[in-house]
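Biologist: I'm new to this one. Could you walk me through how to read it?

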Amino acid sequence: MSDMVFEGVSAKDLSGIYSEIAEEFDMDTAYRIYQCFKGLQLTFPLRFYSSDCLHQHVIAEYNGSNVKQIAKKYGFSERRIRQIIASKRNLHKTKEESEKVRTACCKNGT
């Protein structure tokens, strides 16, 4: 830690969010965050993982009858899980159709 950190200071002596960070983690982590982000207003997304990552996991875990379990696991509605699955199916169909057209064009010399 830097010389700026006072001896004998505890988490309750810090301002606002730094106090919470120091309590949850430690004083050093709070100070490092202060050094990196002081003066900035940060907004953290509600979701930790990206949509692409989540969609991959939903598709991988889907077995045809576990929409409710997946929705509960990831904190989404069953409707949203069905939308993710349907979008994957539509994307797959579109790719298949594109491949068929490309194959047909190649055979016809177009």
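Modeller: Let's go through the core, a surface patch and one polar contact.

Modeller: First, this is a predicted model, where local features need pLDDT of at least 70 and side-chain atom pairs count only at pLDDT 80 or more, while totals for chains, interfaces and linings use all residues. Residues are numbered from 1 along each chain as its sequence is written, and side-chain values use heavy atoms, leaving out hydrogens and water.

Biologist: Which residues make up the largest nonpolar core?

Modeller: In soluble globular proteins, nonpolar side chains tend to be buried together. A nonpolar core here is a set of buried Ala, Val, Leu, Ile, Met, Phe, Trp, Tyr and Cys residues joined through side-chain atoms within 4.5 Å; buried means under 20% relative accessible area, exposed over 50%, partly exposed in between (1.4 Å probe, protein chains only). The largest has 8 residues: Leu54, Val58, Val67, Ile70, Ala71, Ile81, Ile84 and Ile85. At least two of them come from each of α3, α4 (67-74) and α5 (78-108). Helices are DSSP runs (H or I, at least four residues), numbered from the N terminus.

Biologist: And is Leu42 buried, or partly exposed?

Modeller: Leu42 sits in the loop between α2 (27-37) and α3 (51-61), and counts as partly exposed because its relative accessibility is 45%.

Biologist: What about Asn66: buried or exposed?

Modeller: Asn66 is in the loop between α3 and α4, and its 13% relative accessibility is why Asn66 counts as buried. A polar atom of its side chain lies 2.8 Å from the backbone oxygen of Glu61.

Note on methods
Helices (H or I, at least four residues) and strands (E, at least two) are DSSP runs, numbered from the N terminus. A polar contact is a pair of N or O atoms within 3.5 Å; within protein, one must be able to donate a hydrogen and the other to accept it, and residues adjacent in sequence count only if both atoms are side-chain atoms.
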